[in-house]
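Work through these exercises with the model open beside you. Each task is followed by a solution in steps.

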Amino acid sequence: LRKPRGVFTAMSISDRYRALSDDVSRFVAAQKKKFGESEDPTLKDALKALRKGDEVLLELKESVGEIPRIRLEDQLTPVLLKGHNNLDRGRLQFLEAGEEAVAAEVWTLQQAIYRLLNDL
């Protein structure tokens, strides 16, 4: 569907952050369901890294709307970078375990973090 001409509905940084956090949480839950019983230490480490990334992003999910616009960059950048780094660790471990499709999905989430960082 295309948006009608002249109508511009951009999500705020806060809304995008919440949506990103939700996407990461859903993804982590799906991977936990898929690989949670695995005995493979690489997969266990990958899941642990994803959970840490999710936890980092969840810290500000509820309060992000209360951060003044002028302070968003200062407050969100370290959180987004930390979340990105945890997801990256997980992505690399999924690659090591031969789970290229999962690693590609993690990369998609990382790109969303990059886009949000660039827009701060």
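## Exercise 1: A salt bridge in H1

Aspartate 15 pairs with arginine 18 in a salt bridge, and their closest N and O atoms are 3.0 Å apart. The model is a predicted one.

**Task.** Place aspartate 15 and arginine 18 in their helix, and classify how exposed each is.

**Solution.**
- Step 1. Both residues belong to helix H1, which spans residues 13–35.
- Step 2. Aspartate 15 and arginine 18 are three residues apart, about one turn of the helix.
- Step 3. Aspartate 15 has a relative accessible area of 37%. Partly exposed covers the range between 20% and 50%, so aspartate 15 is partly exposed.
- Step 4. Arginine 18 has a relative accessible area of 25%, so arginine 18 is partly exposed as well.

## Exercise 2: Two further pairs

**Task.** Find the salt-bridge partner of aspartate 23, then that of lysine 44. State the N to O distance for each pair.

**Solution.**
- Step 1. Recall the principle: side chains of opposite charge can pair when their charged atoms come close.
- Step 2. Aspartate 23 meets arginine 26 in a salt bridge, at 2.6 Å from N to O.
- Step 3. Aspartate 23 and arginine 26 sit three residues apart in helix H1, so about one helical turn separates them.
- Step 4. Aspartate 23 is partly exposed at 36% relative accessible area. Arginine 26 is exposed, at 53%.
- Step 5. Lysine 44 meets glutamate 39 in a salt bridge, at 3.8 Å from N to O. The cut-off is 4 Å, and the pair falls within 4 Å.
- Step 6. Lysine 44 counts as partly exposed, at 41% relative accessibility. Glutamate 39 is exposed, with a relative accessible area of 64%.
- Step 7. The structure holds six salt bridges, among them the aspartate 23–arginine 26 pair and the lysine 44–glutamate 39 pair.

## Exercise 3: The positive patch

**Task.** Which residues gather in the patch of positive charge on the surface? Which element gives the largest share?

**Solution.**
- Step 1. The patch consists of Lys32, Lys48, Arg51, Lys52, Lys82 and Arg89.
- Step 2. Two elements give two or more residues to this patch: helix H2 (41–61) and helix H3 (69–96).
- Step 3. H2 supplies the largest share, three residues.
- Step 4. Take lysine 48 as a check. Lysine 48 lies in helix H2. A patch residue needs over 30% relative accessible area, and lysine 48 has 44%, so lysine 48 passes that cut-off.
- Step 5. Now the whole chain. The protein chain has 20 positive and 20 negative charges, and the mean positions of the two sets are 5 Å apart.

## Exercise 4: Glutamine 31 and arginine 69

**Task.** Is glutamine 31 buried or exposed? Is arginine 69 buried or exposed? List the contacts of each beyond four places in sequence.

**Solution.**
- Step 1. Glutamine 31 is found in helix H1. Its relative accessible area is 5%, so glutamine 31 is buried.
- Step 2. Beyond four places in sequence, glutamine 31 touches Gly36, Leu47, Leu50 and Val102.
- Step 3. Glutamine 31 and valine 56 are 25 residues apart in sequence, with their C-alpha atoms 17 Å apart in space.
- Step 4. Arginine 69 is part of helix H3. Its relative accessible area is 55%, so arginine 69 is exposed.
- Step 5. Leaving out neighbours within four places, arginine 69 is in contact with Ile13 and Asp119.
- Step 6. Arginine 69 and serine 14 are 55 residues apart along the chain, yet 9.4 Å separates their C-alpha atoms.

## Exercise 5: The whole chain

**Task.** How many helices and strands does the protein chain have? What share of its residues counts as buried?

**Solution.**
- Step 1. The protein chain has four helices and zero strands. From the N terminus, the order is α-α-α-α.
- Step 2. Along the principal axes, the C-alpha atoms fill a box of roughly 50 × 35 × 20 Å.
- Step 3. Of the 120 residues, 39% count as buried.
- Step 4. The accessible surface is about 7600 Å², and 51% of that belongs to carbon and sulfur atoms.
- Step 5. Consider contacts with a separation of 6 or more. Residues 24 or more positions apart account for 73% of them.

Terms used. Residues numbered from 1 in each chain as written. Predicted model: local features only at pLDDT ≥ 70, side-chain atom pairs only at ≥ 80, totals over all residues. Heavy atoms only, no water. Buried < 20%, exposed > 50% of the residue type's maximum accessible area, 1.4 Å probe, protein only. Contact = heavy atoms within 4.5 Å. Areas by Shrake-Rupley, 256 points an atom, 1.4 Å probe, with all protein chains shown as cover. Lys, Arg positive; Asp, Glu negative; His and termini not counted. Charge placed at Lys NZ, Arg CZ, Asp CG, Glu CD. Patch = residues over 30% accessible without salt bridge, like charges linked within 9 Å, V, L, I, M, F, W, Y side chains within 5 Å. Salt bridge = Lys/Arg side-chain N within 4 Å of Asp/Glu carboxyl O.
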